[in-house]
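User: I'm new to this one and would like a relaxed walk through it. Could you show me the model and then take my questions?

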Amino acid sequence: QVQLVDSGGGSVQAGGSLRLSCAASGFTFSIYAMGWFRQRPEREREFVAAINSRGDNTVYAESVKGRFTISRDNALKMVYLQMNSLKAGDTAVYYCGARFSGSMYIAGAYDYWGQGTQVTVSS
């Protein structure tokens with residue numbers, strides 16, 4: 001059974017940090033690219049960051065570049081999102097996704113999703 005379990009969300013003040021985690025099981029994690037998306041109320045899910053299957057190539061949305069870092073551990077089947085210098089505009093539910101092919105920027109290209117974890121940043 002395929003499963004992605006997101007965790008690590010919470011409430012922080014602006015300028016603070018959080019580290020999100022995503023635990024994968026039930027599929028061959030090491031051959032899937034992974035991504036983080038976020039969704040704010042009444043808005044579509046938007047791309048945040050992605051990492052290739054080997055973990056040696058990453059891309060970021062302009063809004064988080066320089067503040068967020070995506071990483072993965074294929075041995076542990078984990079993907080992480082380190083979020084620093086958080087802003088109120090980063091408040092959203094964050095989802096990790098697994099993608100075998102297709103555009104890393106498009107939510108519809110992802111095959112599997114976690115359940116999401118809420119991040120709330122107060123100003």
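Analyst: A bit of vocabulary to begin: strands (E, at least two residues) and helices (H or I, at least four) are DSSP runs, numbered from the N terminus, and two strands pair if DSSP finds at least two bridges between them. The model is predicted, with local features needing pLDDT of at least 70 and side-chain atom pairs counting only at pLDDT 80 or more, while totals for chains, interfaces and linings use all residues. Residues are numbered from 1 along each chain as its sequence is written, and side-chain values use heavy atoms, with hydrogens and water left out.

User: What is the order of the strands in the open sheet of four?

Analyst: Pairing in this sheet is antiparallel. β1 (3–7) and β7 (68–73) each have a single partner strand, so they stand at the edges with one side left without a neighbour in the sheet. Written out, the order is β1-β3-β8-β7.

User: By how many degrees are neighbouring strands of this sheet turned against each other on average?

Analyst: Axes here are lines fitted to C-alpha atoms (for helices over the stretch in contact), and angles run from 0 to 180 degrees between N-to-C directions. For this average, though, direction is ignored. The turn comes to 15°.

User: Which residue stands opposite L20?

Analyst: Look at β3, residues 18–25, which pairs with β8 in the antiparallel sense over six bridges. Across from L20, in β8, is L81.

User: Strand β11 pairs with β2 and β9, but which of the two pairings is parallel?

Analyst: β9 (residues 92–99) runs antiparallel to β11 over three bridges, and A92 stands opposite V119 there. With β2 (residues 10–13), S11 faces T120 of β11. That second pairing has four bridges and is the parallel one, so the answer, by the pairing rule of at least two DSSP bridges, is β2.

User: Which residues make up the covered face of β11?

Analyst: This strand covers residues 117–122. Its uncovered face has Q118, T120 and S122. The covered face holds T117, V119 and V121.

User: Which strand gives the most residues to the largest nonpolar core?

Analyst: A nonpolar core is a set of buried Ala, Val, Leu, Ile, Met, Phe, Trp, Tyr and Cys residues joined through side-chain atoms within 4.5 Å. Buried means under 20% relative accessible area, exposed means over 50%, and partly exposed is in between (1.4 Å probe, protein chains only). The largest core has 34 residues, and W36, L81, M83 and Y94 touch the most other members. With five residues, the top supplier is β5.

User: How many aromatic pairs are there?

Analyst: Rings of Phe, Tyr and Trp (its six-membered ring) pair if their centres lie within 6.5 Å; planes under 30 degrees apart are stacked, over 60 edge-to-face, and the rest tilted. By that rule the count is 10.

User: How far apart in sequence are the parts tied together by F37 and F47?

Analyst: These two rings pair edge-to-face, 5.7 Å centre to centre with 80° between the planes. F37 is buried at 0% relative accessibility, and F47 is buried too, at 12%. F37 lies in β4 (residues 33–39) and F47 in β5 (residues 46–51), so the parts tied together are separated by 10 residues.

User: Which ring has the charged end of R45 over it?

Analyst: A charge sits over a ring if NZ of Lys or CZ of Arg is within 6 Å of the ring centre and within 35 degrees of the ring normal. R19 lies over the face of Y80, at 4.0 Å from the ring centre. For R45 the distance to the centre is 3.7 Å, and the ring is that of Y95.

User: Are D90 and R38, which meet in a salt bridge, buried or exposed?

Analyst: A salt bridge is a side-chain nitrogen of Lys or Arg within 4 Å of a carboxyl oxygen of Asp or Glu, and D90 and R38 meet at 2.9 Å, N to O. D90 lies in the loop between β8 (78–83) and β9 and R38 in β4, so the pair ties together parts 52 residues apart in sequence. Both residues are buried.

User: And are R54 and D56 buried or exposed?

Analyst: R54 forms a salt bridge with D56, with the closest N and O atoms 3.2 Å apart. The relative accessible area of R54 is 63%, so R54 is exposed. D56, at 54%, likewise counts as exposed.
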